[in-house]
4 protein chains.
Amino acid sequence: MQASNSSDKQDAPGARTFTESARRAQIVAAAIEVIAEVGYSKASFARIARHAGLSSTGMISYHFAGKDDLMREVVVEVMRVAEAYMRPRIEAESDFSARLRTHIESNLALLVEYPKHLPALIEVLTNVRGDSAGLGEFVGVTEEMNRVLAERMREGQRVGAFREFDADVMVHAMRGAIDEVVGRAAREPGLDVTACGRELAEIFDRATRNTAP
Amino acid sequence: MQASNSSDKQDAPGARTFTESARRAQIVAAAIEVIAEVGYSKASFARIARHAGLSSTGMISYHFAGKDDLMREVVVEVMRVAEAYMRPRIEAESDFSARLRTHIESNLALLVEYPKHLPALIEVLTNVRGDSAGLGEFVGVTEEMNRVLAERMREGQRVGAFREFDADVMVHAMRGAIDEVVGRAAREPGLDVTACGRELAEIFDRATRNTAP
Amino acid sequence: MQASNSSDKQDAPGARTFTESARRAQIVAAAIEVIAEVGYSKASFARIARHAGLSSTGMISYHFAGKDDLMREVVVEVMRVAEAYMRPRIEAESDFSARLRTHIESNLALLVEYPKHLPALIEVLTNVRGDSAGLGEFVGVTEEMNRVLAERMREGQRVGAFREFDADVMVHAMRGAIDEVVGRAAREPGLDVTACGRELAEIFDRATRNTAP
Amino acid sequence: MQASNSSDKQDAPGARTFTESARRAQIVAAAIEVIAEVGYSKASFARIARHAGLSSTGMISYHFAGKDDLMREVVVEVMRVAEAYMRPRIEAESDFSARLRTHIESNLALLVEYPKHLPALIEVLTNVRGDSAGLGEFVGVTEEMNRVLAERMREGQRVGAFREFDADVMVHAMRGAIDEVVGRAAREPGLDVTACGRELAEIFDRATRNTAP
DNA sequence: GATGAATGAGATTTCATTCAT
DNA sequence: GATGAATGAAATCTCATTCAT
């Protein structure tokens, strides 16, 4: 008999119980709401646990590796929902200009449908810097999405659907304008988000439109 | 440029010695830099004191009624600088469209001149909620400024300089687009902010332009 | 080699199924390795469970009455192995001096054979104080073993095999010197433990040798 | 006016108030006693603070950068005391053999004089592994001290004062034998440590003595 | 006016243990 | 017999604020 198996065994990392997944989802949902309501910095485990009806913060630490892990799941969840909501709507359109309008309008329709998701996403992404290891990645993901969007715009420019402009600046302007509506909606409960969406769509349609003959 | 007296101490309204004002200004300047560099949530008194070359956080508490008070001064200072920088440039223009362009371009020129001021302002304003007593006021101030801006736009619409659109949405879109450049500039050091300003100006010129005959 | 039954469960004294014993043995083996590798204080149930390929710490609590119980089994197991290894080798020798040498050398040979056992034992015994109910007993067991050893030495003194010295101090010196090699072996992987054993044997042979005519 | 001093200022690191130093010393003293009494793993900030008559653990965190920092100070303090106590006594002796005896005896005399210091030192050093950044250094310091000691022994061998043996093993044997007395003294309050010192000195004198003509 | 020292609340995290299934 | 889930205590650390000097 000799000393054996000196390195820890590891379960298949994807294996997760039903109840475990349910709990995680429940906690993520609570986190989204708390973050949207009180902001990232005040969204402590204690508050999230209370909101989720859990008896202790240890519960959250039990299901998530740490605050970063939870926040990552928040981002993943919101992006999942956003993708599922927006992509089919956008892809249903065929010409560049309509896609652009639909991108903006479906993004804000998503805000109407899930009023806490986008505020939470913005809170998390703006309160994360170079630190927090695995979360910085999502800043990268967002930037990548913006790059793809800009590339689409450049295609539109090549085929004459759009005028000449700096596509990166345009994409970020759109992004900023939409996020501003998200922020306003949180501060002004009565705001007609759908109407804002139409206005923004018009703004960026005019800003991108090719007026050459 | 003098230290402002816009926030009064409890007992002696407006009265403040020179050294006191100098200390406050020094601390506010340090706070702006720290907030811009590490973000609002990590901008603790300890970090600000260290950055200002102070030996203890007690110094800050001594000069400011609390964190809210300091943050209010940060906002006041940045707005003072912004106002001093942008207003004359904007007022030098006479027609609506030029004023709009100048608003955007001077705002981003300000970012080039004072790279920490606008990031700090945005950090503070986005990390403040209904709580923190006297700070919510500044969200109101900002909204008031936006309302004034929107009113100018409506004037422009009345005289036919601008097309018909929801002026509030337009103002916030501008606001969001500019703030996005501020954020990008922090993440991408090489970004040509001036060029972004020109692009944004073009975007919102086209978005507001009256194309009717 | 069989799983021992030295620690009884509450109700059914001595009765333990095969799987139960196997599980206990598996956990004890994992505990020995973990303790040797990361030290007593970091050897949490979580780590031991992971090392043993178990999915939860509940498993350990299920099979052991508590951490003390597990640690007691660790001690028992190591002592069992040590006894089985060293005793026949020592008893094969007939004169006092040879027994002393063999005691030291077989102790360190045991370290070569089971590199994790002695480190684990030392970790447990040095991290246990008067508290932890049933574990203090083992400090007593160890002391008892030392007393027996000292008694043997005094016999050797009576028959003139050893010089006069304080047998307790001598035994503890031996103990300390051996344990120090155990510690060194953990810190210096290339250490020639067998050679250390020969050197130690020589040291204590000279320290005990009767030089009188 | 441009943004300036973007990197935090730093006080001269050695600057420390009188009261600050006194508090630190008080906390270190309390830590030494607590560690010696309940062991490293149970020596929590809470316990140390209580022992020192402080009202909160925050007090300790205020004066020390963390647990590692406090432990480092504990080690430094004990080594400082040990050095001040042992060195002059050892250096008062001129021949190798007397120095060896004095090393052992003064080490244990130190234990009589400061009964908590050595137990605390041993606790800290044995409960630190590769982790805890700045503390691993002290394992190195200890090893360095052992190397120096071994070098002295080899000098003694070269001049014929000592017989041939592995000096490293001898030094560690001495170390282990002394530490074992430290441990015993904690468990057996009545132990005559001075007598143990004499016995150990005799043991290692005989173990090293050159018996060749 | 200024400062170092102290404070206590609150944050995240880890742990051994218990419980329902 | 076995297991995943839950729990609450305790640990370290950070923070804004207060106080005595």
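What rotation, with what shift along its axis, superposes chain A on chain B? In this predicted model, the rotation is 179°, the shift along its axis is 0.1 Å, and the RMSD is 0.3 Å. That is the relation of a two-fold axis. To place this axis in the viewer, select A:Gly176: within chain A, its C-alpha is the one nearest the axis, at 2.2 Å.

**The meeting of chains A and B**

Display chains A and B together. Of the interface residues of chain A, 97% are also interface residues in chain B, so the copies meet through the same surface.

**An enclosed space**

Next, select A:Val38, A:Gly39, A:Tyr40, A:Ser41, A:Lys42 and A:Glu123, and add B:Thr126, B:Asn127 and B:Arg129; these residues line the largest cavity. Its volume is about 40 Å³, and a search of the whole structure finds one cavity of 30 Å³ or more. Colouring the lining by class shows two nonpolar, four polar and three charged residues.

**DNA strand E**

Now select DNA strand E and the protein around it. The strand is surrounded by 31 residues, and the closest are B:Ser55, B:Met59, C:Phe45, D:Arg23 and D:Tyr62. Which parts of the strand come within 4 Å of the protein? Sugar or phosphate accounts for 68% of such atoms, and bases for the rest.

Three contacts may be viewed in turn. At B:Ser56, a polar side-chain atom lies 3.2 Å from a base nitrogen of DNA strand E. At C:Lys67, a polar side-chain atom is found 2.8 Å from a phosphate oxygen of the strand. At D:Ser55, an N or O atom of the side chain is 3.1 Å from a phosphate oxygen of DNA strand E. Among the elements that give two or more residues to the surface near this strand are helix H2 (45–52) and helix H3 (58–63) of chain A, and helix H1 (18–38) and helix H3 (58–63) of chain D. The residues of this surface comprise seven nonpolar, 19 polar and five charged.

**DNA strand F**

Move on to DNA strand F. Around it are 31 residues, of which A:Arg23, A:Tyr62, B:Phe45, C:Ser55 and C:Met59 come nearest. Of the atoms of DNA strand F that come within 4 Å of the protein, 68% belong to sugar and phosphate.

Begin the close views at A:Tyr62, where a polar side-chain atom lies 3.0 Å from a base nitrogen of DNA strand F. Then select A:Glu20: one of its polar backbone atoms is 3.0 Å from a phosphate oxygen of the strand. At D:Lys67, a backbone N or O atom lies 2.9 Å from a phosphate oxygen of DNA strand F. To see the elements that give two or more residues to the surface near this strand, select helix H1 (18–38) and H3 of chain A, H3 of chain B, helix H1 (18–38) and H3 of chain C, and H3 of chain D.

How do the residues of the surface near DNA strand F divide, and how many are charged? There are six nonpolar, 19 polar and six charged residues.

Methods: Residues are numbered from 1 along each chain as its sequence is written. Chains are lettered from A and ligands numbered from 1 in the order in which they are written. This is a predicted model: local features need pLDDT of at least 70, side-chain atom pairs count only at pLDDT 80 or more; totals for chains, interfaces and linings use all residues. Side-chain values use heavy atoms; hydrogens and water are left out. Copies are superposed by least squares on the C-alpha atoms of residues with pLDDT of at least 70 in both. Contact means heavy atoms within 4.5 Å. On a 1 Å grid over the protein atoms alone, a cavity is a set of points where a 1.4 Å probe fits but cannot get out, and a pocket is an open set with protein on both sides within 12 Å along at least five of seven lines; lining residues have an atom within 4 Å of a point. Grid points are joined across faces, edges and corners, and a volume is the space filled by probe spheres set on the points. Ala, Val, Leu, Ile, Met, Phe, Trp, Tyr, Cys and Pro count as nonpolar, Asp, Glu, Lys and Arg as charged, and the others, Gly among them, as polar. A residue is near a molecule or strand if one of its heavy atoms lies within 4 Å of it. A polar contact is a pair of N or O atoms within 3.5 Å; within protein, one must be able to donate a hydrogen and the other to accept it, and residues adjacent in sequence count only if both atoms are side-chain atoms. Helices (H or I, at least four residues) and strands (E, at least two) are DSSP runs, numbered from the N terminus.
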